[in-house]
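Q: I have a structure open here and would like to go through it with you. Can we start with the overall picture and then move to details?

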Amino acid sequence: MSIEFHPSKDRGHANHGWLDTYHNFSFAEYFNPLREQFGLLRVLNDDTIIGGSGFGEHGHKNMEIISIPLIGELEHKDSMGHSEVISPDDVQVMSAGSGIQHSEFNHHADNPCNFLQIWIYTREKDIQPRYDQLSFNKIQRKNKVQLLVTPDTDQDDDALWIHQDAWISRVNLEHGVNITYKIHKSGNQVFCFLIEGRTTIEGFALGSRDALGIAEISRIHINSNAASDLLIIEVPSA
């Protein structure tokens with residue numbers, strides 16, 4: 001087993017006024033040679049946008065981009081003609097493929113919007129871009145793992161999918177609950193990001209916004225030390 005501990009205090013940070021952002025991996029002006037990616041997970045940003053502001057139109061290519069709102073609502077527009085609003089318990093997927101232009105704005109003028117932005121390297125380059133979103137019932141992740149995103153080769157009607165052998169899950173644990181997460185594909189590795197709460201994962205104590213990267217395993221053991229909200233990102237090692 002190989003483990004990397006990512007304390008929340010060690011994340012890259014930038015406050016642009018309209019955007020307060022934390023980076024688990026090198027991004028924009030933040031560079032850490034020890035934190036460039038984790039397997040094929042390239043980006044995990046914890047973004048808070050003030051009311052009435054957001055990311056203007058910009059482009060991406062050949063990346064699977066997943067957004068998970070935690071507080072507030074995010075307004076999305078793209079070059080494929082989509083105009084959508086995503087809320088907490090929604091998940092958004094963009095397969096940028098051969099190229100996509102999009103914007104993401106706080107849907108409200110007065111209240112902040114906090115969301116997680118995840119980038120995973122795609123398996124296939126220059127494919128047709130696509131967009132999808134789905135609402136998830138948080139009751140169905142109480143003390144058990146809820147799949148949010150699966151590979152295109154393992155599509156599930158209750159989850160979104162991307163062009164990579166990756167699975168993204170979320171679980172809400174009550175205090176004192178223990179669960180086991182089983183790796184879906186041999187050789188994959190897991191990045192656990194604790195949104196809120198306190199947990200112990202494979203002997204490491206995590207607090208809110210701490211993360212743990214774990215490789216060379218077939219399952220991980222998770223113990224909640226308080227009510228907790230945990231995101232699990234399983235990706236190929238390369």
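**Surface, fold and sheets**

A: The accessible surface of the protein comes to about 10400 Å², and 46% of that belongs to carbon and sulfur atoms. Keep in mind that this is a predicted model.

Q: OK. How many helices and strands does the protein have?
A: There are 0 helices and 22 strands. The radius of gyration is 17 Å, close to the 18 Å that the globule rule gives for 238 residues, so the protein is as compact as a globular protein of that length.

Q: What box do the C-alpha atoms fill?
A: Roughly 45 × 40 × 40 Å, taken along the principal axes.

Q: And what share of the residues is buried?
A: Buried residues make up 53% of the 238. As for contacts with a separation of 6 or more, 71% are between residues 24 or more positions apart.

Q: Let's do sheets. What is the strand order in the open sheet of 7 strands?
A: The order is β2-β3-β4-β11-β6-β9-β12, and the pairing is antiparallel. At the edges stand β2 (12-15) and β12 (130-135); each has a single partner strand, so one side of each is left without a neighbour in the sheet. From one strand to the next, the twist averages 15°.

Q: Pick a pair inside that one. How many bridges are there between β6 and β9?
A: Strand β6 (residues 63-71) and strand β9 (residues 90-95) are paired over 4 bridges, in the antiparallel sense. One residue to look at is Ile 66, whose bridge partner in β9 is Val 93.

Q: What about the open sheet of 4 strands, which order does that have?
A: That sheet runs β16-β21-β18-β19, with antiparallel pairing. Its edges are β16 and β19 (204-206), each with a single partner strand, so each has one side without a neighbour in the sheet. Here the twist averages 25° from one strand to the next.

Q: Which residues does β21 cover, and which of its side chains are buried?
A: Strand β21 is residues 219-224. Ile 220, Ile 222 and Ser 224 point to one face and are buried, while Arg 219, His 221 and Asn 223 point to the other face and are not buried.

Q: Why the alternation?
A: In a regular strand the side chains alternate between the two faces of the sheet.

Q: How does β21 connect to β16?
A: Strand β16 (residues 178-182) runs antiparallel to β21, and 5 bridges join the two. Tyr 181 stands opposite Ile 220 in β21.

Q: And to β18?
A: Strand β18 (residues 199-201) pairs with β21 over 3 bridges, again in the antiparallel sense. In this pair, Ile 201 stands opposite Ile 222 of β21. Ile 220 and Ile 222 are both among the buried side chains of β21.

Q: Where is Glu 202?
A: Glu 202 is in the loop between β18 and β19. Its relative accessible area is 23%, so Glu 202 is partly exposed.

Q: What does Glu 202 touch?
A: Leaving aside residues up to four places away in sequence, Glu 202 touches Met 1, Ile 3, Ile 214, Arg 219, Ile 220 and His 221. The C-alpha atoms of Glu 202 and Ile 222 are separated by 6.9 Å, although the two are 20 residues apart along the chain.

Q: Different topic, cysteines. How many disulfides are in the whole structure?
A: The search finds 0.

Q: Is Cys 113 buried or exposed?
A: Buried, because its relative accessibility is 0%. Cys 192 also has 0% relative accessibility, so Cys 192 counts as buried too.

Q: Last thing, backbone angles. What is phi of Asp 89?
A: Phi of Asp 89 is near 80°, a positive value in a residue other than glycine. Asp 89 is in the loop between β8 (83-86) and β9. With a relative accessible area of 22%, Asp 89 is partly exposed.

Q: And phi of Asn 143?
A: Near 60°, which is again a positive value in a residue other than glycine. Asn 143 is found in the loop between β12 and β13 (146-151).

Q: How accessible is Asn 143?
A: Its relative accessibility is 23%, so Asn 143 counts as partly exposed.

Notes
Residues are numbered from 1 along each chain as its sequence is written. This is a predicted model: local features need pLDDT of at least 70, side-chain atom pairs count only at pLDDT 80 or more; totals for chains, interfaces and linings use all residues. Side-chain values use heavy atoms; hydrogens and water are left out. Buried means under 20% relative accessible area, exposed over 50%, partly exposed in between (1.4 Å probe, protein chains only). Two strands pair if DSSP finds at least two bridges between them. Axes are lines fitted to C-alpha atoms, for helices over the stretch in contact, and angles run from 0 to 180 degrees between N-to-C directions. A disulfide is a pair of cysteine sulfur atoms within 2.5 Å. The radius of gyration is taken over C-alpha atoms; the globule rule is 2.2 Å times the number of residues to the power 0.38. Contact means heavy atoms within 4.5 Å. Accessible areas come from the Shrake-Rupley method with a 1.4 Å probe; for residues, only the protein chains shown count as cover.
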